[in-house]
Amino acid sequence: MCSGGSKSSTGDAGEGDEHISSGGHGDTWKADSEEGIGRGLRRQADLNKPETIPATLVGVHTVIDCATGRPEEPIKTVDWEGKVALIQCAKAMGIQKFVFFSIHNCDKHPEVPLMEIKYCTEKFIKDLGLNHIIIRLCGFMQGLIGQYAVPILEEKSVWGTDAPTRIAYMDTQDVARLTFIALRNEKVNGKLLTFAGPRAWTTQEVITLCERLAGQDANVTTVPVSVLRVTRQVTRLFEWTSDVADRLAFSEVLSSDTVFSVPMSETYGLLGVDAKDVVTLEKYLQDYFTNILKKLKDMKAQSKQSDIYF
């Protein structure tokens, strides 16, 4: 897995370029320039088609790679083959700095395909000699809205596990802010950083918090981790379900009592960030539920005003 082909030669980035390239979700990798954003311009490439990448990097000096494959796509195609092509192209075109988003503890779980690929990509970037920053992430708060908050408000089933795994979720806005601070800090060049939220949470703790803020109980359907592991073994038997098996490989992580969190004091000190400025999960979900419940209340009020009685 960890072989990315031959190394590419280095070019020189043009002086005075003010472009920043950023990744996107799915197989499409997008490059936004600071000048272009203001004019509404966007260049687009496809990690499934390496030949589309070079033109996207023209005039770019920094690549922020946060692209990943969609759930229905083979993990290896986008997250390994596509990324290798992108990294080699960045090296050949003289990209000045490459920021790669990885997963916390990816080096400890080679049995999970996506985590193994992330770790292999980290090593590939280092071996290629790119000026880089690698940022490992634990989990995003935004993902909890669709997974727990919305189903609870809609009185639908909330899916959870009996796993003791704890995750220190972080607001994507904080991740972006810390990333741009790191980009401007020369002391961070070549370093491996891990961004984690203020506290690590289990699935049940998150559900309980959402219940309290929503003011109603959740209809929780608990799936034992053992069931996920058996399902993965079955799906590995068929070629057409191999991608599903790769996704279910995270059940191995869930059953390992892993804590996706790290102390952040050293990182905050390096970046010059105050820990108090980082949003907690309680504050993030409280703001969400306060806003959404107010909107629902306003909608009900408007509905009553528009009722016609005969």
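The second largest pocket of this predicted model holds about 200 Å³ of space. Rolling a probe the size of a water molecule over the atoms is what shows where empty space is left. Around the second largest pocket sit H104, R136, K191, L192, L193, T194, V262, P263, E266, T267 and L270. Two elements each give two or more residues to that lining, namely strand 9 (192-195) and helix 11 (265-271). Sorted by character, the lining residues come out as 5 nonpolar, 3 polar and 3 charged.

Stepping back to the chain as a whole, there are 12 helices and 11 strands to find. The chain runs to 310 residues, and 46% of them count as buried. Its accessible surface is about 16100 Å², with carbon and sulfur atoms accounting for 53% of that. As for how the chain meets itself, take the contacts with a separation of 6 or more: 77% of them join residues 24 or more positions apart.

How far can the model be trusted from place to place? The pLDDT averages 81 over the chain, and 72% of the residues reach at least 70. Two stretches fall well outside that group. Across residues 4-22 the pLDDT stays under 50, though the model still gives this stretch 58 contacts beyond four places in sequence. Residues 32-40 also have a pLDDT below 50, and here the model shows 13 contacts beyond near neighbours in sequence. Where pLDDT is low, the predicted coordinates should not be read in detail.

A182 is a good place to look at the inside of the chain. This alanine belongs to helix 6 (residues 172-183). Its relative accessibility is 0%, so A182 counts as buried. Leaving out residues up to four places away in sequence, A182 touches I133, V188, L193 and L271. One of these, L193, is also part of the lining of the second largest pocket. Another pairing links A182 with I135: the two are 47 residues apart along the chain, and their C-alpha atoms are separated by 9.9 Å.

Y284 makes a similar stop further along, in helix 12 (residues 281-305). With a relative accessibility of 16%, under the 20% cut-off, Y284 counts as buried. Beyond its neighbours within four places in sequence, Y284 is in contact with M141, Q142, I145, D171 and V279. Of these partners, M141 lies 143 residues away along the chain, yet the C-alpha atoms of Y284 and M141 are 7.6 Å apart.

The loops have a few residues worth a look too. Most residues other than glycine have a negative phi. N105 goes the other way: it has a positive phi of about 70° without being a glycine. N105 sits in the loop that joins strand 5 (97-103) to helix 4 (113-128), and with 7% relative accessibility it counts as buried. Just before N105 in the numbering comes H104, one of the residues lining the second largest pocket.

E155 is another non-glycine residue with a positive phi, in this case about 60°. Its loop lies between helix 5 (142-153) and strand 7 (157-161). Is E155 buried or exposed? At 66% relative accessibility, E155 counts as exposed, whereas N105 is buried.

N48 falls between those two classes. The loop between strand 3 (43-46) and helix 2 (53-56) is where N48 is found. A relative accessible area of 33% makes N48 partly exposed. N48 and T77 are 29 residues apart along the chain, while the separation of their C-alpha atoms is 6.7 Å.

How values were computed: Residues numbered from 1 in each chain as written. Predicted model: local features only at pLDDT ≥ 70, side-chain atom pairs only at ≥ 80, totals over all residues. Heavy atoms only, no water. Helix = DSSP H or I, 4+ residues; strand = E, 2+ residues; numbered from the N terminus. Buried < 20%, exposed > 50% of the residue type's maximum accessible area, 1.4 Å probe, protein only. Contact = heavy atoms within 4.5 Å. Areas by Shrake-Rupley, 256 points an atom, 1.4 Å probe, with all protein chains shown as cover. pLDDT = per-residue confidence, 0-100. 1 Å grid on protein atoms, 1.4 Å probe; cavity = no way out; pocket = protein on both sides within 12 Å on 5 of 7 lines; lining within 4 Å. Points joined across faces, edges and corners; volume = space filled by probe spheres on them. Nonpolar A, V, L, I, M, F, W, Y, C, P; charged D, E, K, R; others polar.
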